[in-house]
Amino acid sequence: MDLISILINGIPLFYLLYLIWKILDRKKHQNCYILDYECHKPTDDRMLSTKFSGEIIRRNKHLGLNEYKFLLKALVSSGIGEQTYAPRMVFYGREACPTYEDGILEMEEFFHDSIDKLLKRNKTSPSEIDVLVVNISMLACMPSLAARIINYYKMREDIKVYNITAMGCSATLISINIIQSIFKNEKNKVALMVTSESLSPNWYTGNDKSMILANCLFRSGGCAILLTNKLALKNKAILKLKQLVRVHHGAKDESYNSVVQREDAQGNLGYHLDKTLPKAATRALVDNLKQIAPLILPVRELLRFAIVLFVKRMNRGSINGGPRPVINFKTGVDHICLHTGGKAVIDGVGASLNLSEYDLEPARMTLHRFGNTSASSLWYVLGYMEAKKRLKKGDKMLMISFGAGFKCNSCLWEVLRDMGDGNVWKDCIDNYPPNTLVNPFLEKFGWLHDHEDADTFHIPDDYVIP
């Protein structure tokens, strides 16, 4: 009777212990790890030199002297070098009339290169992929690009598939968030994330200054990333996701209209970058950092900032006037992986977070070498850090991205082992940083400033670009 009594009385305790074990076991399987990634490096015949950029600009018959001068100023100050890549149809002279197949072939060239290398290097069969997330913002087709990948690699019928469009440069962290959510509810999964942008059907051929800027910044690229929550693969992982925060300001008209796809007055389709974009980006960044800072920074830094802010308000009556208090993210973060939205974006975030040139170097060098590759740019920045052997076990890395809508997304990664592979940078990393980031556009096209009369200005068809 005593034994039976003990067992009966002990059942609630045993059940409680079982629930605790189940919660702890489930939590162990909810982590999101990155096993590997592969950035796409297009072939050299797609490299966009200064001379060829001039030829592309000259082919646009809608441009006059004022537009040439505007483009020259934009290119000179863009921070982009001479080794970025463009879609093939530009080299065929068909940017004004791209075909549907141009966009598809641009993506398939990236898919077959990066996914093949990634799976082969990790000895992973396509049949082992449980989740596929593809984000290509500016190309929607049927069957979807995700379906094309499944068909080409003959993946399983029960694979979970997400094909994301129109999320812009912030789509990478949105995709990570989707995978993270799946990993929280299902054990032992392997996910493949594919991120890129199709420039072929989106090359602007008009003369609207707010829309032609996109041609100056965006370049071809892409990345394939392998992720998992399998405990058995934990020792092979390179990064572990710690926090992820997303902010969307679509309800604010000014932010919503800061980046919009539209037609110009002549009916040419392109992307309008409004003058309110810097303000929208700053506002979204501030709101995002307000959310993620308490999650990733030590209490002492949060207290220091709160005290400094309180004292400033007490002394001045407001936080306006004089230098504003700045929270030091480097107290909880070792590396900043910043979206290469452009030189102004990098400078702006650097100033807002009080970052050093060392912190901004990976983003600046990525912009110079590969340009703005949209949502995949973060992985080229990560590749630069790895190639420079900056990432050591235990380091914390903060990723920050921006996108149309307007969105600002950020996440914190923990480095699980020393990283030092040359990846997409291996052929050129020793040349970076260069002595100067000044590109030769001003040297080759500075003569445009000698012309003042836009009505009589004309470039002869037989003019040879130096």
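For the exercises below, Ala, Val, Leu, Ile, Met, Phe, Trp, Tyr, Cys and Pro count as nonpolar, Asp, Glu, Lys and Arg as charged, and the others, Gly among them, as polar. The structure is a predicted model.

**Exercise 1. The second largest pocket**

Task: Find how the lining residues of the second largest pocket divide into nonpolar, polar and charged, and state which helix gives the most to that lining.

Solution: Begin with the space itself, since the second largest pocket has a volume of about 590 Å³. Of the 20 residues that line this second largest pocket, the closest to its centre are Val-286, Lys-290, Phe-305, Arg-324 and Pro-325. By the classes set out above, Val, Phe and Pro are nonpolar, while Lys and Arg are charged. Applied to the whole lining of the second largest pocket, the division is 14 nonpolar, three polar and three charged residues. Turning to the elements, helix 10 and helix 11 (299-316) each supply at least two residues of this lining, and helix 10 gives the most, with seven residues.

**Exercise 2. The largest pocket**

Task: Describe the lining of the largest pocket by its central residues, its elements and its classes.

Solution: The largest pocket holds about 1,200 Å³ of space. It is lined by 44 residues, of which Phe-218, Val-259, Leu-273, Leu-277 and Gly-341 are the closest to its centre. Next, look for elements that give two or more residues to the lining of the largest pocket, and you will find helix 8, strand 9 (259-263), strand 10, helix 10 (277-296), helix 12 (343-352) and strand 12 (396-403). The largest share of this lining, six residues, comes from helix 12. Sorted by class, the lining of the largest pocket has 24 nonpolar, 16 polar and four charged residues.

**Exercise 3. A cavity**

Task: Work out which elements give two or more residues to the lining of the second largest cavity, and how many of its lining residues are charged.

Solution: A search of the whole structure finds four cavities of 30 Å³ or more, and the second largest cavity has a volume of about 110 Å³. Its lining includes Ala-214, Asn-215, Gly-270 and Tyr-271. The elements that give two or more residues to this lining are helix 8 (209-217) and strand 10 (269-273). As for class, the lining of the second largest cavity has seven nonpolar residues, three polar ones and no charged ones.

**Exercise 4. Aromatic rings around Trp-425**

Task: Classify the ring pairs that Trp-425 forms with Phe-370 and with Tyr-432, and say which parts of the chain the pair with Phe-370 ties together.

Solution: The whole structure has ten aromatic pairs. In one of them, Phe-370 and Trp-425 have ring centres 5.2 Å apart and an angle of 85° between the planes, an edge-to-face arrangement. Phe-370 lies in helix 13 (residues 357-370) and Trp-425 in the loop between strand 13 (407-415) and helix 15 (441-445), so this pair ties together parts that are 55 residues apart in sequence. The rings of Trp-425 and Tyr-432 have centres 5.5 Å apart and planes at 85°; because planes over 60 degrees apart count as edge-to-face, this pair is edge-to-face. Phe-370 and Trp-425 are buried, and Tyr-432 is buried as well. These residues belong to a cluster, linked by ring pairs, that consists of Tyr-85, Phe-370, Tyr-380, Tyr-384, Trp-425 and Tyr-432.

**Exercise 5. Charges over rings**

Task: Which rings have the charged ends of Arg-369 and Arg-390 over them?

Solution: The charged end of Arg-369 sits over the ring of Phe-370, 4.5 Å from the ring centre. For Arg-390, the charged end sits over the ring of Tyr-358, at 3.7 Å from the centre of that ring.

Conventions
Residues are numbered from 1 along each chain as its sequence is written. This is a predicted model: local features need pLDDT of at least 70, side-chain atom pairs count only at pLDDT 80 or more; totals for chains, interfaces and linings use all residues. Side-chain values use heavy atoms; hydrogens and water are left out. Rings of Phe, Tyr and Trp (its six-membered ring) pair if their centres lie within 6.5 Å; planes under 30 degrees apart count as stacked, over 60 as edge-to-face and the rest as tilted. Helices (H or I, at least four residues) and strands (E, at least two) are DSSP runs, numbered from the N terminus. Buried means under 20% relative accessible area, exposed over 50%, partly exposed in between (1.4 Å probe, protein chains only). A charge sits over a ring if NZ of Lys or CZ of Arg is within 6 Å of the ring centre and within 35 degrees of the ring normal. On a 1 Å grid over the protein atoms alone, a cavity is a set of points where a 1.4 Å probe fits but cannot get out, and a pocket is an open set with protein on both sides within 12 Å along at least five of seven lines; lining residues have an atom within 4 Å of a point. Grid points are joined across faces, edges and corners, and a volume is the space filled by probe spheres set on the points.
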